[in-house]
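Please look through the sequence and the three-dimensional structure shown here before reading the report that follows. The text moves from single residues to the chain as a whole and back again.

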Amino acid sequence: MKFTKLIFVSVLIVVLVLCTSAASNLDHQQDTTDFNDAIMDSSKYYSAQGRWLLQNKRTRRVTCKKFPRICDAKGSPGPQCCKKKCVNILTDRHNCGKCGKKCKYNEICCKGKCVNPSFNRKHCGGCNNRCSNGEFCVFGLCNYA
């Protein structure tokens with residue numbers, strides 16, 4: 001058991017020495033070539049890639065399930081929390097009036113109710129677009145009968 005550990009450690013040391021010497025030889029060869037402008041320096045490429053990876057730090061997402069007050073923050077889509085997402089149940093088609101209530105494909109959510117904007121007089125063509133007295137909503141446009 002000790003003998004195999006000794007061999008493993010010695011092989012590991014040899015590999016590390018060879019890798020560092022190969023990298024240093026590569027840098028010396030690139031300095032002597034005439035095509036430095038045409039060939040990208042590999043050490044600069046790897047360091048730039050490393051800087052890019054360091055800039056993209058992973059941040060944990062804060063969900064409203066654990067922190068419900070996050071939905072009250074500025075720029076939040078809405079003050080309610082439905083399925084770990086902040087939504088506005090007054091306008092969201094997938095959570096209209098309450099979490100999980102979906103509107104049909106031809107309906108929109110206005111004031112927490114699913115309405116068809118093509119034929120609804122109170123929401124003709126969009127939310128709160130009311131037709132005048134005597135007008136009907138036809139395909140989203142207010143028309144006289």
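Tyr105 is found in the loop that connects strands S2 and S3, where helices (H or I, at least four residues) and strands (E, at least two) are DSSP runs numbered from the N terminus. At 78% relative accessibility, Tyr105 counts as exposed; the word buried is kept for residues under 20% relative accessible area, exposed for those over 50%, and partly exposed for those in between, with a 1.4 Å probe and protein chains only. From C-alpha to C-alpha, Tyr105 and Arg93 are 9.2 Å apart in space, and they are 12 residues apart in sequence.

This is a predicted model, in which local features need pLDDT of at least 70 and side-chain atom pairs count only at pLDDT 80 or more, while totals for chains, interfaces and linings use all residues. Residues are numbered from 1 along each chain as its sequence is written, and side-chain values use heavy atoms, with hydrogens and water left out.

## The chain as a whole

The secondary structure of the protein chain comes to 2 helices and 6 strands, and read along the sequence these follow the pattern α-α-β-β-β-β-β-β. Of the 145 residues of the protein chain, 17% count as buried. The accessible surface of the chain comes to about 12400 Å², of which 59% belongs to carbon and sulfur atoms; accessible areas come from the Shrake-Rupley method with a 1.4 Å probe, and for residues only the protein chains shown count as cover.

## A nonpolar patch and its helix

Phe8, Val9, Leu12, Ile13, Leu16 and Val17 form a nonpolar patch on the surface, and together they have about 590 Å² of accessible area. Patches are made of residues with over 30% relative accessible area and no salt bridge, with like charges joined within 9 Å and nonpolar side chains (Val, Leu, Ile, Met, Phe, Trp, Tyr) joined within 5 Å. Ile13, one of the patch residues, has its place in helix H1, which covers residues 2-32. With a relative accessible area of 48%, Ile13 is partly exposed.

## A buried charge

Like Tyr105, Glu107 is found in the loop between strand S2 (85-87) and strand S3 (108-110). Glu107 is buried yet has no salt bridge, and the nearest side chain of opposite charge, Lys104, is 5.1 Å away. A salt bridge is a side-chain nitrogen of Lys or Arg within 4 Å of a carboxyl oxygen of Asp or Glu, and for charge Lys and Arg count as positive and Asp and Glu as negative, while His and the chain ends are not counted. Not counting residues up to four places away in sequence, Glu107 touches Arg93, Cys114, Val115, Asn116 and Pro117, where contact means heavy atoms within 4.5 Å.

## Strands S5 and S6

Strand S5 (residues 135-138) is joined to strand S6 (residues 141-144) by 4 bridges, and the two run antiparallel; two strands pair if DSSP finds at least two bridges between them. Along S5 the side chains alternate, since Glu135 and Cys137 point to one face and are buried, while Phe136 and Val138 point to the other and are not. The bridge partner of Phe136 in S6 is Asn143.

How accessible is Cys137? At 6% relative accessibility, Cys137 counts as buried. Leaving aside neighbours within four places in sequence, Cys137 is in contact with Pro117, Ser118, Phe119, Asn120, Arg121, Cys124, Gly125 and Cys131.

Arg130, by contrast, is found in the loop between S4 and S5 and counts as exposed at 58% relative accessibility. Again leaving aside neighbours within four places in sequence, Arg130 is in contact with Arg121, Lys122 and Cys142, and the C-alpha atoms of Arg130 and Cys142, 12 residues apart along the chain, are separated by 8.3 Å.

## Positive phi angles

The table lists residues with a positive phi and their places.

| Residue | Phi | Place |
|---|---|---|
| Lys83 | about 50° | loop between strand S1 (80-82) and S2 |
| Asn128 | about 60° | loop between strand S4 (113-115) and S5 |
| Phe139 | near 55° | hairpin of S5 and S6, with 2 residues between the strands |

Neither Lys83 nor Asn128 is a glycine, and Lys83 is exposed, with a relative accessible area of 73%.
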